[in-house]
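Here are some short exercises to work through with the model open beside you. Try each task before you read its solution.

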Amino acid sequence: MALTNNDIFKKLRVALKLRDDDIVKILELVDFRISKSELGAFFRNEDHPKYKNCGDQILRNFLNGLVIHLRGPMPKKENKPKTTQSTSKRKDKK
């Protein structure tokens with residue numbers, strides 16, 4: 001039996017000891033808004049009437065937000081020209 005997105009989401013939630021508030025904040029890091037009740041539907045049993053399948057987009061956004069949450073935002077890239085070693089700085093060994 002293959003793991004579903006819901007299974008992966010549940011396992012990450014337990015392994016990282018995340019509460020619903022934490023997950024909502026993590027998703028906000030990537031500008032993805034979701035309510036706690038919508039989120040709770042992913043963690044219900046499959047036979048529950050309010051169960052909802054977790055789509056690829058939600059899991060992808062959660063994983064991207066989790067990277068930012070754990071590592072911090074990526075530093076902005078500066079457009080610096082590549083420096084090359086000039087011949088005047090090089091010392092010839094004899």
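**Exercise 1.** In this predicted model, work out how helix α1 and helix α4 pack.

*Solution.* Start with the axes: helix α1 (residues 5-15) and helix α4 (residues 56-71) lie 10 Å apart and make an angle of about 25°. Angles under 35 degrees count as roughly parallel, so α1 is roughly parallel to α4. Next, look at the handedness: the crossing of α1 and α4 is left-handed. Finally, list the residues that meet: α1 contributes Asn5, Ile8, Phe9 and Leu12, while α4 contributes Asp56, Ile58, Leu59, Phe62 and Leu63. Sorted by character, the residues of this contact are seven nonpolar, one polar and one charged.

**Exercise 2.** Decide whether leucine 27 is buried or exposed, and find what it touches.

*Solution.* First, place leucine 27 in helix α2 (residues 20-28). Its relative accessibility is 0%, and buried means under 20%, so leucine 27 counts as buried. Then check its contacts: leaving out residues up to four places away in sequence, leucine 27 touches Phe32, Ile34, Ile58, Asn61 and Phe62.

**Exercise 3.** Find the salt bridges and say how many there are.

*Solution.* Side chains of opposite charge can pair when their charged atoms come close. The count comes to two salt bridges. One joins arginine 13 to aspartate 20, with the closest N and O atoms 3.0 Å apart. The other joins lysine 36 and aspartate 21, at 2.6 Å from N to O. This pair links distant parts of the chain, as lysine 36 sits in helix α3 (residues 36-42) and aspartate 21 in helix α2, 15 residues apart.

Definitions and conventions: Residues are numbered from 1 along each chain as its sequence is written. This is a predicted model: local features need pLDDT of at least 70, side-chain atom pairs count only at pLDDT 80 or more; totals for chains, interfaces and linings use all residues. Side-chain values use heavy atoms; hydrogens and water are left out. Axes are lines fitted to C-alpha atoms, for helices over the stretch in contact, and angles run from 0 to 180 degrees between N-to-C directions. Helices (H or I, at least four residues) and strands (E, at least two) are DSSP runs, numbered from the N terminus. Angles under 35 degrees count as roughly parallel, over 145 as roughly antiparallel, 65 to 115 as roughly perpendicular and the rest as oblique. A crossing is left-handed if the near helix is turned anticlockwise from the far one by less than a right angle, and right-handed if clockwise. Contact means heavy atoms within 4.5 Å. Ala, Val, Leu, Ile, Met, Phe, Trp, Tyr, Cys and Pro count as nonpolar, Asp, Glu, Lys and Arg as charged, and the others, Gly among them, as polar. Buried means under 20% relative accessible area, exposed over 50%, partly exposed in between (1.4 Å probe, protein chains only). A salt bridge is a side-chain nitrogen of Lys or Arg within 4 Å of a carboxyl oxygen of Asp or Glu.
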